[in-house]
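Please open the structure in your viewer and keep the sequence panel visible beside it. This tour proceeds step by step, naming what to select and then describing what is found there.

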Amino acid sequence: MEYKTQIAKGGRLVVPAKLRKALQLEVGDEVVLRLENSSLRLIPLHQAVSLAQDVVRKYVPEGVSLVDELIQARRAEAKDE
């Protein structure tokens with residue numbers, strides 16, 4: 001899909017309705033803008049979070065909960081205080 005749009009006053013960018021629908025974006029949704037190879041990439045926040053989780057998952061063994069490990073570490077720190 002390719003669409004042409006313009007940068008409006010104040011740097012506002014209008015995302016065409018068909019693209020918003022394809023990305024499941026609603027008014028008020030947050031997006032991440034990323035500069036990649038001199039191009040702008042718009043990523044819905046929920047997708048950016050999912051992409052980040054995929055990256056982290058590569059380094060965390062199956063069955064390990066980072067949340068549980070963090071809670072355990074915080075409790076140990078609090079106990080030592």
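**A guided tour of the chain**

Begin by selecting K4, which lies in the segment before α1. The model in view is a predicted one. Is K4 buried or exposed? K4 counts as exposed, because its relative accessibility is 82% and a residue is called exposed when this value is over 50%. Now add L40 to the selection and draw a line between the two C-alpha atoms. K4 and L40 are 36 residues apart along the chain, and their C-alpha atoms are separated by 14 Å.

**The whole chain**

Next, select the entire protein chain and display it as a cartoon. How many helices and strands does the protein chain have? There are three helices and two strands. Followed from the N terminus, the elements come in the order α-β-β-α-α.

Turn the view slowly to judge the overall form. The C-alpha trace spans about 60 × 30 × 25 Å along its principal axes. The radius of gyration of the protein chain is 20 Å, whereas a compact globule of 81 residues would have one near 12 Å. Of the contacts with a separation of 6 or more, 3% are accounted for by residues 24 or more positions apart.

Switch to a surface display. The protein chain exposes about 7700 Å², and carbon and sulfur atoms supply 53% of this area. Of its 81 residues, 6% count as buried. Then colour the surface by charge. There are 13 positive and 12 negative charges, and the mean positions of these two groups are 12 Å apart.

**The loop after the first helix**

Return to the cartoon and select α1, residues 17-22. Continue into the loop between α1 and β1, where Q24 is found. Q24 has a phi near 55°, a positive value in a residue other than glycine. Q24 counts as exposed, because its relative accessibility is 61%.

**The hairpin**

Select residues 31-36, which form strand β1, together with residues 39-44, which form strand β2. How do strands β1 and β2 run, parallel or antiparallel? The two strands run antiparallel and are joined by six bridges. They form a hairpin with two residues between them.

Show the side chains along the strands. V32 stands opposite I43 in β2, and L33 stands opposite L42 in β2. In a regular strand, the side chains alternate between the two faces of the sheet.

Now select N37 in the loop between β1 and β2. What is the phi of N37? The value is near 50°, which is positive in a residue other than glycine. N37 counts as exposed, because its relative accessibility is 77%.

**The second helix and beyond**

Move on to helix α2, residues 45-57, and select V56 within this helix. V56 counts as partly exposed, because its relative accessibility is 41% and the partly exposed class lies between the 20% and 50% limits. Add R34 to the selection. V56 and R34 are 22 residues apart along the chain, and 19 Å separates their C-alpha atoms.

Select K58 next, in the loop between α2 and α3. K58 is exposed, because its relative accessible area is 67%. Add P16 and draw a line between the two C-alpha atoms. K58 and P16 are 42 residues apart along the chain, and the C-alpha atoms are separated by 35 Å.

Finish the tour by selecting α3, residues 66-80.

Definitions and conventions:
Residues numbered from 1 in each chain as written. Predicted model: local features only at pLDDT ≥ 70, side-chain atom pairs only at ≥ 80, totals over all residues. Heavy atoms only, no water. Helix = DSSP H or I, 4+ residues; strand = E, 2+ residues; numbered from the N terminus. Rg over C-alpha atoms; globule rule 2.2 N^0.38 Å. Buried < 20%, exposed > 50% of the residue type's maximum accessible area, 1.4 Å probe, protein only. Contact = heavy atoms within 4.5 Å. Areas by Shrake-Rupley, 256 points an atom, 1.4 Å probe, with all protein chains shown as cover. Lys, Arg positive; Asp, Glu negative; His and termini not counted. Charge placed at Lys NZ, Arg CZ, Asp CG, Glu CD. Pairing = 2+ DSSP bridges.
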